[in-house]
Amino acid sequence: MQLIANILEKAVKMLMLIRGRISGRRKEAENENTTGDRLAELAQISTELARIVAKNPSTPSEVLRSLSYYERSECLHGGDTETCQNVARNPNTPTEVLWELGRHFPQTLLDNPIFSLLMLEKPNLVAQIPLETLCILLALETFPVYLWEQLMLPHNYEVRRGVARHPYTPARILELLAKDDDIEVVQRVAGNSNTPARILELLAKDINVNVRFKVAWNSNTPANILELLAKDINVNVRCIITRKANTPASILELLAKDNHPYVREGVAENANTPVSILEMLAQDVDAGVRDAVTGNPNYPGKGG
């Protein structure tokens, strides 16, 4: 019995020693006076300590950078996210690391105290934020008004062009950019698959033919707008509709009677064109249209 008691006593002492060491390491990781080298060591011991070190406002930027590289591949693919979030909220984190983590933790980035300082220090911060991160930040209701005002300045047209075409740009931002003074921005909004149908409908009536062309090309343009564009005065706009894989048969039927042979040729090539229309186009006065019909896999007389 005495032997068992001795073993238990030693086990309890060992457990208390381990707990003491763990507690001591936690305090070291939290302590703003702990040296950078020691913080780097502690971060490698366990995930729990890495989280604490990542949160410590005195952790050197290079330690945060290396910690971010070490954790990022895991935390962005379903592993530990808390370490990454703590790095993203730490004011000492290098700016380029913040931009990358901001793609995954946008609100954490905006909440980082250094973000407000960056806005003061850099007169055109919006142009320095990587495009993908910027588009994700724009989706937040808390996106700073000051940055939005920067984005809309005339000299930032290239940034707006990038935002207008990016797949991560939210619909409400595209709606605002659809009214931009820069026609290239408007064109890219017209071609963005995130642009709401009500905006595409307005842009389908734009005076600029390139805007209407982009709406016609947009993979998400609904059938009612394609039907409107099927009557467009510009032949290139009508042609692009015939080249789309998702153009409804009813619209192809309408375009099969177009006055321009290039439009009819596009209808003849489209896999969605009904057989009855292909048979009609097989008798077309234009040789190019007739040739296009024979190349359509749906044409009954193909190869005959």
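Q: Why is Cys135 called buried?
A: In this predicted model, Cys135 has a relative accessible area of 0%. Buried means under 20%, so Cys135 counts as buried.

Q: What makes Cys239 count as buried?
A: Its relative accessibility is 13%. The cut-off is under 20%, so Cys239 falls on the buried side as well.

Q: How many disulfides does the structure hold?
A: Zero. For a pair to count, two cysteine sulfur atoms would have to lie within 2.5 Å. As a reminder, a disulfide is a covalent bond between the sulfur atoms of two cysteines.

Q: What makes the aromatic pair of Trp99 and Phe115 edge-to-face?
A: The structure holds one aromatic pair. The ring centres of Trp99 and Phe115 are 6.3 Å apart, and rings pair if their centres lie within 6.5 Å. Their planes stand at 90 degrees, and an angle over 60 degrees counts as edge-to-face, so that is the name this pair gets.

Q: Which parts of the chain does the aromatic pair link?
A: Trp99 sits in helix H6 (residues 95-102) and Phe115 in helix H8 (residues 113-121), with their positions 16 residues apart in sequence. Both Trp99 and Phe115 are buried.

Q: How do you know that Asp182 forms a salt bridge with Arg161?
A: Their closest N and O atoms are 3.1 Å apart. A salt bridge needs a side-chain nitrogen of Lys or Arg within 4 Å of a carboxyl oxygen of Asp or Glu, so Asp182 and Arg161 qualify. This is one of 17 salt bridges in the structure.

Q: Why can one say that Asp182 and Arg161 tie together parts of the chain?
A: Asp182 is in the loop between helix H12 (171-177) and helix H13 (183-191), while Arg161 is in helix H11 (residues 157-165), so the pair joins parts that are 21 residues apart in sequence. Asp182 and Arg161 are both buried.

Q: Why are Arg188 and Glu184 called partly exposed?
A: Arg188 has a relative accessibility of 23%, and Glu184 has a relative accessible area of 25%. Partly exposed runs between the buried cut-off of 20% and the exposed cut-off of 50%, so both residues belong there. Their side chains meet in a salt bridge at 3.3 Å, N to O. Arg188 and Glu184 share helix H13, four residues apart, about one turn of the helix.

Q: What makes the contact of Arg264 and Asp284 a salt bridge?
A: The N to O distance between their side chains is 2.7 Å, and the limit is 4 Å, so the pair counts. Arg264 lies in helix H19 (residues 261-269) and Asp284 in the loop between helix H20 (275-281) and helix H21 (287-295), so parts 20 residues apart in sequence are tied together.

Q: Are Arg264 and Asp284 buried or exposed?
A: Arg264 has 9% relative accessibility and Asp284 has a relative accessible area of 11%. With the buried cut-off at under 20%, both count as buried.

Q: Why does Arg65 count as buried?
A: Arg65 comes in at 18% relative accessibility, and buried means under 20%, so Arg65 is buried. Arg65 lies in helix H4 (residues 61-75).

Q: What makes the pair of Arg65 and Glu62 a polar contact?
A: Their side chains make this contact at 3.2 Å, and the limit for a pair of N or O atoms is 3.5 Å.

Terms used:
Residues numbered from 1 in each chain as written. Predicted model: local features only at pLDDT ≥ 70, side-chain atom pairs only at ≥ 80, totals over all residues. Heavy atoms only, no water. Phe/Tyr/Trp six-rings, centres within 6.5 Å; stacked < 30°, edge-to-face > 60°. Helix = DSSP H or I, 4+ residues; strand = E, 2+ residues; numbered from the N terminus. Buried < 20%, exposed > 50% of the residue type's maximum accessible area, 1.4 Å probe, protein only. Polar contact = N/O pair within 3.5 Å; in protein donor to acceptor, adjacent residues only side chain to side chain.
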